[in-house]
Amino acid sequence: MSSLYTRSKEFTRNRKSQSDSPPASPSPTAKTFRHERLSRLESGGSNPTTSDPYSDRASARARREAREARLASLTSRVEEDSNRDYRKLYESALSENQKLKTKLQEAQLELADIKSKLEKMAQQKQEKTSDRSSMLELEKRERRALERKMSEMEEEMKVLTELKSDNQRLKDENGALIRVISKLSK
């Protein structure tokens, strides 16, 4: 009986360490090894007091089924916890994505606003440069017109000075003629 107890304890320890990993479908070789271990447990653990091999097998089967039920409940709990973790991760990732999307939209709006401001400034600068160029052309035209007027006025001044000198000469001649005539009439 003590050998059965130690073997079954080792078997449960092995099963618990295997339950940490997710359950997978056992391969055919694993099935045969399990069957051999069970048969060794059943054969090695025969109780000298009980003579019924069916009752030993039934109790071993009942223990095995109870153990499998416990393992199944543990794996379902692990799966539920992992599902919850995945849900939490998914929800946190989703909320982070939403935050990033709103930041991206805000940045795009800000970028569009800045682009429109830059376009307005470029238009204003272009208008100013066109205004400046038109003002420069206008100023150049006015300057040329003023220079022409100045040159015309300088020419007129020359003509006026010539006319004044001619006028003065003619006055002097007229005065001389008047004196000659007055001397002759006396």
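1. Confidence in the model. The pLDDT is the predictor's confidence in each residue, on a scale from 0 to 100. The structure discussed here is a predicted model, and the mean pLDDT of its chain is 79. Of the residues in the chain, 69% reach a pLDDT of 70 or more.

2. Where confidence varies. Among the elements of the chain, the lowest mean pLDDT, 52, belongs to helix 1 (residues 2-19). The highest, 88, belongs to helix 3. Over residues 46-50 the pLDDT falls below 50. Beyond near neighbours in sequence, this stretch has four contacts in the model. Where pLDDT is low, the predicted coordinates should not be read in detail.

3. Overall architecture. The chain contains three helices and zero strands. Its pattern, followed along the sequence, is α-α-α. Helix 3 covers residues 53-184, and the salt-bridge pairs described in points 6 to 8 are placed in this helix.

4. Burial and surface. How much of the chain is buried? Buried residues account for 5% of the 186 residues. The accessible surface of the chain amounts to about 16900 Å². Carbon and sulfur atoms contribute 56% of that surface.

5. A nonpolar patch. Met 157, Val 159, Leu 160 and Leu 163 together make a nonpolar surface patch of about 380 Å². One of these residues, Leu 163, is located in helix 3. Leu 163 has a relative accessible area of 48% and is therefore classed as partly exposed, since that class lies between the limits of 20% and 50%.

6. The pair Lys 117 and Asp 113. A search of the whole structure finds five salt bridges. One of them joins the side chains of Lys 117 and Asp 113, with a nitrogen-to-oxygen distance of 3.7 Å. Both residues lie in helix 3, four residues apart, which corresponds to about one turn of the helix. Each partner is partly exposed: the relative accessible area is 48% for Lys 117 and 38% for Asp 113.

7. The pair Glu 137 and Arg 141. How far apart along helix 3 are Glu 137 and Arg 141? They are separated by about one helical turn, because they stand four residues apart in helix 3. Their side chains meet in a salt bridge at 3.9 Å, taken from N to O. Glu 137 is partly exposed, with a relative accessible area of 46%. Arg 141, at 54%, is exposed, because the exposed class begins over 50%.

8. The pair Glu 173 and Arg 169, and a network. The side chains of Glu 173 and Arg 169 form a salt bridge of 3.3 Å, N to O. These two residues are four positions apart in helix 3, so about one helical turn separates them. Glu 173 is partly exposed, at 39% relative accessible area, and Arg 169 also counts as partly exposed, at 42%. Which residues are linked in a network of salt bridges? The network consists of Asp 166, Arg 169 and Glu 173.

9. Points to retain. The α-α-α pattern of the chain should be read together with the confidence values, with helix 3 having the highest mean pLDDT among the elements and helix 1 the lowest. Helix 3 also holds Leu 163, a member of the nonpolar patch.

Key:
Residues numbered from 1 in each chain as written. Predicted model: local features only at pLDDT ≥ 70, side-chain atom pairs only at ≥ 80, totals over all residues. Heavy atoms only, no water. Buried < 20%, exposed > 50% of the residue type's maximum accessible area, 1.4 Å probe, protein only. Areas by Shrake-Rupley, 256 points an atom, 1.4 Å probe, with all protein chains shown as cover. Patch = residues over 30% accessible without salt bridge, like charges linked within 9 Å, V, L, I, M, F, W, Y side chains within 5 Å. Salt bridge = Lys/Arg side-chain N within 4 Å of Asp/Glu carboxyl O. Contact = heavy atoms within 4.5 Å.
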